[in-house]
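Hi,

Here is the structure I promised to pass on. Have a look at it first, and then read on for what turned up when I went through it.

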Amino acid sequence: MRTQPPNTPTNRARWSRIGSAVTATAALVLAGLGTAAQASATPEATTTAATTATTTASKVTWSATPCATPKKKGELACNSLRVTGGLTAFQKQEAKEDGVTPKAADASTPSGYGPSDLQSAYGLTSAASSKGSGETIAIVDAYDDPNAEADLAKYRSYYGLSTCTTANGCFKKVSQTGSTTSLPSADSGWAEEISLDLDMASATCPNCSITLVEASSASMANLGTAVNEAVKLGAKFVSNSYGGSESSSDTSYDSSYFNHPGVAITVSAGDSAYGAEYPAASKYVTSVGGTKLSTSSTTRGWTESVWKTSNTEGTGSGCSKYDAKPSWQTDTGCTKRMISDVSAVADPATGVSVYDSYGVTAGWYTFGGTSASSPIIAAVYALAGTPSSSSYPAQFPYNAAGTSALNDVTSGNNGNCSTSYFCTATTGYDGPTGWGTPEGTGAFTG
């Protein structure tokens, strides 16, 4: 059996775990889902009977959330996937530690990583407990989630996080015009995305306030207007978990929506494997790739590789066709903007727990996709403190490149490409994971 290092889940405190750690993969009962993508989680060595589940039972299956398919022509897609069955990395780890074989397809308890896992993996345990007060993370999504505040309360209560409500001033939900009463039409698919984003911001920065800005639709014009509204309302950290194909209009969108000095704007790199998308390609944002995150016997207690399910599903990366290269990006194979800058967990097989109730059976679901990694990184920026007023925070990780402030991800790929580092992890910078994942907040301040 694996020797437990100091930061593994066994030795650190769990967040208000209820009863024994009998966890389960989230149930998917929502009708109309597309064909599930499948991937086998990497088996972990063990001598306990708890991990003798059959190969079939262990295989993790998932499906893109409904908002990953645009409702109308010209709309952008969310970058999230929801687990439908099998045993996640979190469940397998719990089985090794507790000697109990988890059940699949049960939304009654979490089956993905929670706050203590993410904070441990990214060296944030101390910062998460002491930093973030007075900072506001804005989450930009499309359409309305009527249950957003209630579902967030369930998540935070279960994990022992402080309350974050409209009443105590921690939570605020507005439309793209700033209205708290005239909100967009409700959408159950985007509600899943909203729950994922709110929970990841909470998990990473429990002391931060959160503003949810809901765009009227998933068009770039409306989502961009929502970004501007988030900044207008005072948020210094803005997460965007959506994207679409690049176009010649992107440079105008850059200046209209994303050029906000002194504001850390994070954007998902995409879930369609190798290839660039917008707004991750904006030179003004931090583009966030995705990893597979697993516990290990290393000093860190965790290990990561590029998230890839197939040549059509995995973290996005690539060389932009239209956006100019920012001055701080110095890789030589791409003359324009290169995606990504940094990364965090995104593989559904090593996914994160989320509480959601709108349009689905109320309960716990496990999600993956770079929709998870974007709010995590926005929250890391928030833990690092307010950026200087004239700065472009996308540059901060480049200032810390090659230091211990980042976990360099050196294995895996997200497809085939003619220039190796565009799609294959390597020592130092690469497209799928950028300069790596956070190890504390040192790479996200300036």
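Let me start at a small detail: G99, just after helix α2, takes a positive phi of about 70°. Bear in mind throughout that this is a predicted model. Helix α2 itself covers residues 89-98 and is mostly covered, with eight of its 10 residues buried. The buried set is A89, F90, Q91, K92, Q93, E94, A95 and K96, so by the under-20% cut-off for relative accessible area, charged side chains such as K92 and E94 count as buried too.

Now the overall picture. The chain has 446 residues, and 61% of them count as buried. There are 11 helices and 21 strands. If you take the contacts between residues at least 6 apart in sequence, 78% join residues at least 24 apart.

On to the cores. The largest nonpolar core has 70 residues, and I137, L198, V352 and F444 have the most contacts inside it. Helix α9 (residues 370-384) gives the most to this core, with 10 residues. A second, separate core has 33 residues, including A218, V227, F258 and V263.

F444 is a good place to zoom in on the 70-residue core. Setting aside residues up to four places away in sequence, F444 touches V342, I377, V380, Y381, A384, F396, P397, L406 and P438.

What does T370, which is found in helix α9, contact? Leaving out neighbours within four places in sequence, T370 is in contact with N79, S268, A269, G270, D271, V288, G289, G290, W307, T315 and A346. With a relative accessibility of 0%, T370 counts as buried.

V352, from the list of best-connected core residues, brings us to strand β18. This strand runs over residues 352-356, and five of its five residues are buried. V352, V354 and D356 point one way, S353 and Y355 the other. That fits the general rule that side chains in a regular strand alternate between the two faces of the sheet. Strand β18 is joined by five bridges to strand β19 (residues 363-368), and the two run antiparallel. One bridge pairs D356 with G363 of β19. The hairpin they form has six residues between the strands, and there G359 takes a positive phi near 85°.

Helix α7 is the other element I spent time on. Its 13 residues, 220-232, should span 18 Å at 1.5 Å a residue, and the end C-alpha atoms are 18 Å apart, so expectation and model agree. Buried in α7 are M220, N222, L223, G224, A226, V227, E229, A230 and V231. Just after the helix, G234 takes a positive phi of about 105°.

How does α7 pack with helix α8 (residues 250-258), in terms of angle and axis distance? The angle is about 35° and the axes are 9 Å apart. On the α7 side the contact is made by M220, A221, G224, T225, V227 and N228, and on the α8 side by Y253, S256, Y257 and F258. Those residues divide into six nonpolar, four polar and no charged. V227 and F258 of this contact are also among the members of the 33-residue core.

Finally, the backbone oddities. Most residues other than glycine have a negative phi, and most peptide bonds are trans, so these are worth a look:

- Y278 and P279 are joined by a cis peptide bond, with omega about 15°. P279 is in the loop between β10 (264-268) and β11 (286-295).
- I339 and S340 are also joined by a cis peptide bond, with omega about 20°. S340 is in the loop between β16 (336-339) and β17 (342-345).
- Y143 is not a glycine, yet has a positive phi of about 65°. Its place is in the loop between β5 (136-142) and α5 (148-158), and at a relative accessible area of 4% Y143 is buried.
- A273, again not a glycine, has a positive phi of about 65°. A273 is found in the loop between β10 and β11, and is buried with a relative accessible area of 2%.

That's what I have for now. Over to you!

How values were computed:
Residues are numbered from 1 along each chain as its sequence is written. This is a predicted model: local features need pLDDT of at least 70, side-chain atom pairs count only at pLDDT 80 or more; totals for chains, interfaces and linings use all residues. Side-chain values use heavy atoms; hydrogens and water are left out. Helices (H or I, at least four residues) and strands (E, at least two) are DSSP runs, numbered from the N terminus. The expected span of a helix is 1.5 Å times one less than its number of residues. Buried means under 20% relative accessible area, exposed over 50%, partly exposed in between (1.4 Å probe, protein chains only). Two strands pair if DSSP finds at least two bridges between them. Axes are lines fitted to C-alpha atoms, for helices over the stretch in contact, and angles run from 0 to 180 degrees between N-to-C directions. Contact means heavy atoms within 4.5 Å. A nonpolar core is a set of buried Ala, Val, Leu, Ile, Met, Phe, Trp, Tyr and Cys residues joined through side-chain atoms within 4.5 Å.
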